[in-house]
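Hi,

Here is the structure I promised you, with my notes on what turned up in it underneath. Have it open while you read.

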Amino acid sequence: MSSYEAYKERLLKMKPNIYVGGEKIGRNDPRVEAGMNMIRVSYDAETDPQFKDKAIVKSSLTGKNISLYTHVPQNTEDLLKRQKLTRDLCGLCGGCFQRCMANDTISGISIATKEMDDDLGTEYHQRFFNYLKYYQKNNLCGNAGQTDIKGDRSKRPHEQVDPDLYLRVVEKRKDGIVVCGSKAHNTIAPYADEIIVVPTRAMTKDDADWAVSFAIPSDAEGISLIARASQPRARTHIKAPFNERGVMDSLTVFDNVFVPWERVFMCGEWQYAGRLALLFANYHRFSYCGCKPAMTDVFIGATAMVAEYNGVGNAPHIKDDLAKLMVTAELVYAAGIAAAVTGKKSSSGTFEPNFMYSNAGRYHAGVNIFHEYDILSATAGGWPATMPYEEDFYNKDIKGFLDKYSMRKPGISAEDQHRLFRFISDFSCSAWSGVWQYAGVHGGGSPIMEMIGIRSNYDLKAKKDLVKHLAGIKD
Ligand code: SF4
């Protein structure tokens with residue numbers, strides 16, 4: 001059985017706990033299957049001659065061959081493999097392939113648990129590695145549950161009127177803990193084996209009950225996944241790979257969920273909540289430096305093709321716009337390479353990307369996303385927004401009209417014109433694309449979060465000292 005088939009079989013055995021549009025659905029629902037089709041891309045890469053040298057690595061825990069997406073990076077090479085494979089796989093999907101976020105979570109937990117054990121004498125690190133061995137052996141697919149609802153933004157977790165607005169520990173038992181609350185924006189949760197929870201922010205001593213990290217099967221008792229599904233429009237005549245995959249995001253509710261101790265990786269160590277939150281963010285922003293260039297690759301290809309189909313492929317302003325897109329893609333990608341090359345080994349042995357470069361790359365991607373839609377829509381013109389439905393192109397009474405009046409540059413068939421413009425419509429002018437426009441700004445951390453991260457870690461004094469030296473100013 002392939003890894004994908006094993007994954008699908010596990011999911012189909014799960015208890016139905018997904019709610020979409022007022023109904024409770026099982027994991028055999030086509031909307032869930034569209035998400036599973038997306039996950040399939042990373043499983044299939046493990047046996048694909050084009051990708052398997054990157055997709056399969058040796059486990060640092062067992063020495064066995066495992067999926068790259070269950071591995072905690074040990075060196076620059078591991079990070080570079082991730083970055084390259086993420087760009088390749090996101091390019092194949094035309095968007096987020098979704099498997100990296102759990103990898104970012106396990107990488108962060110592997111570091112924070114060691115630091116907690118070293119400083120506080122806790123026993124989380126080995127416990128986490130025992131869990132990770134199980135995760136690697138079964139090639140699981142995880143969701144990252146980080147973002148709390150946060151309630152009143154001016155208040156800390158313990159100051160909220162409703163204490164569940166941040167996920168918290170409500171009971172500690174001999175055999176485990178009970179948690180209550182929810183996590184938001186949980187992409188992939190409805191078709192993940194496990195939900196891996198980390199704190200959303202730094203905490204104070206009074207917030208200790210909210211400093212919690214654990215892993216739990218996504219159909220565990222007390223979990224409800226209140227989800228929405230996004231998928232490019234279904235096709236009837238001109239089928240295309242882009243339209244066969246989808247995504248689901250959930251508001252994941254934990255209603256008195258029991259988590260056994262062997263799956264708990266932080267419980268009250270408030271001093272490390274911010275560290276773990278930021279570790280996850282750093283890895284995820286690093287991942288973004290691989291996936292976002294793949295999205296820009298699609299913008300570049302679509303802009304170049306639609307300019308060509310419109311007969312203006314050689315116009316100077318089009319060439320300039322294409323160059324701007326290329327610069328965005330390659331600067332973000334270069335930031336990821338720099339983060340990998342100048343990363344550092346943590347005390348746990350896990351290799352951490354350089355925070356400055358992963359944040360700078362993610363920031364640059366986030367602030368450019370709407371500019372990329374701008375360039376594509378300006379080049380394509382209005383047809384992606386107003387073109388008639390696909391079925392009309394196959395209605396015998398009007399097919400001739402639509403074929404004739406959608407033609408542009410001679411020599412390009414009516415069907416290819418139709419395919420390209422419908423792809424651009426789905427990619428940039430649809431309910432699906434609206435989700436990705438917001439995700440392009442906020443996924444992995446909004447630009448303001450990268451600015452805060454960079455500002456608070458930057459050596460500004462060194463720059464001022466430099467100018468003092470140049471200007472001859474003595475302290
Ligand atoms: Fe990974 Fe996030 Fe990019 Fe999706 S958007 S491929 S989860 S980094």
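Let's start at helix H1 (residues 3-12), where Tyr-4, Tyr-7 and Leu-11 are buried. Buried here means under 20% relative accessible area, with exposed being over 50% and partly exposed in between (1.4 Å probe, protein chains only). Helices (H or I, at least four residues) and strands (E, at least two) are DSSP runs, numbered from the N terminus. The three buried residues sit on the same side of H1, because they cover an arc of only 60 degrees around the axis; the arc is that of the directions from the helix axis to the C-beta atoms. An α-helix has 3.6 residues a turn, so residues three or four places apart point the same way. Helix H2 (30-44) is included in what covers the buried residues of H1.

Before going further, note that this is a predicted model: local features need pLDDT of at least 70, side-chain atom pairs count only at pLDDT 80 or more, and totals for chains, interfaces and linings use all residues. Residues are numbered from 1 along each chain as its sequence is written, and side-chain values use heavy atoms, with hydrogens and water left out.

Now the cores. A nonpolar core is a set of buried Ala, Val, Leu, Ile, Met, Phe, Trp, Tyr and Cys residues joined through side-chain atoms within 4.5 Å. The largest one has 102 residues, and Tyr-7 from H1 is one of those with the most contacts inside it, along with Val-179, Tyr-191, Phe-214, Ile-216 and Phe-254. Helix H7 (residues 273-309) gives the largest share of this core, 14 residues. At least three residues come from each of domain 1 (4-272) and domain 2 (276-466); those bounds come from an automatic or database domain assignment. Apart from this core lies another, of 22 residues, including Phe-51, Tyr-69, Leu-85 and Cys-289.

If you want one residue to click on, try Val-179. Leaving aside neighbours within four places in sequence, its contacts (heavy atoms within 4.5 Å) include Leu-167, Val-169, Val-212, Phe-214, Phe-254 and Val-257.

How do the two domains sit together? Their C-alpha centres lie 25 Å apart, and 55 residues of domain 1 are in contact with 49 residues of domain 2. Between them they bury about 4,300 Å², 64% of it on carbon and sulfur atoms. Buried area is the accessible area (1.4 Å probe) that two parts lose on being put together, summed over both. On the domain 1 side, Gln-83, Arg-87 and Ile-238 lose the most area to domain 2, together 19% of what that side buries.

On to salt bridges, meaning a side-chain nitrogen of Lys or Arg within 4 Å of a carboxyl oxygen of Asp or Glu. By this rule there are 30, and the count between domain 1 and domain 2 is four. Three pairs to look at:

- Glu-115 and Arg-275 have their closest N and O atoms 2.8 Å apart. Glu-115 is in helix H5 (residues 100-120) and Arg-275 in helix H7, so the pair ties together parts that are 160 residues apart in sequence. Glu-115 is buried, at 18% relative accessible area, whereas Arg-275 counts as partly exposed at 29%.
- Asp-426 pairs with Arg-235, with 3.1 Å between the closest N and O atoms. Asp-426 is buried, with a relative accessible area of 0%, and Arg-235 counts as buried at 9%.
- Glu-372 and Lys-292 also form a salt bridge, their closest N and O atoms being 3.1 Å apart. This pair links helix H9 (residues 355-380), home of Glu-372, to Lys-292 in helix H7, 80 residues away in sequence. Glu-372 and Lys-292 are both buried.

Salt bridges that share partners also join Glu-115, Arg-275, Lys-344 and Glu-352 into one network.

Two more residues, then I'm done. Lys-81, in helix H4 (residues 76-93), is buried, at 19% relative accessible area. Not counting residues up to four places away in sequence, Lys-81 touches Asp-53, Lys-54, Val-57 and Leu-68. Met-203 lies in the loop between strand E8 (194-197) and strand E9 (212-217) and is buried, with a relative accessible area of 7%. Beyond four places in sequence, Met-203 touches Arg-156, Pro-157, Trp-210, Ala-211, Trp-270 and Ala-273.

Cheers
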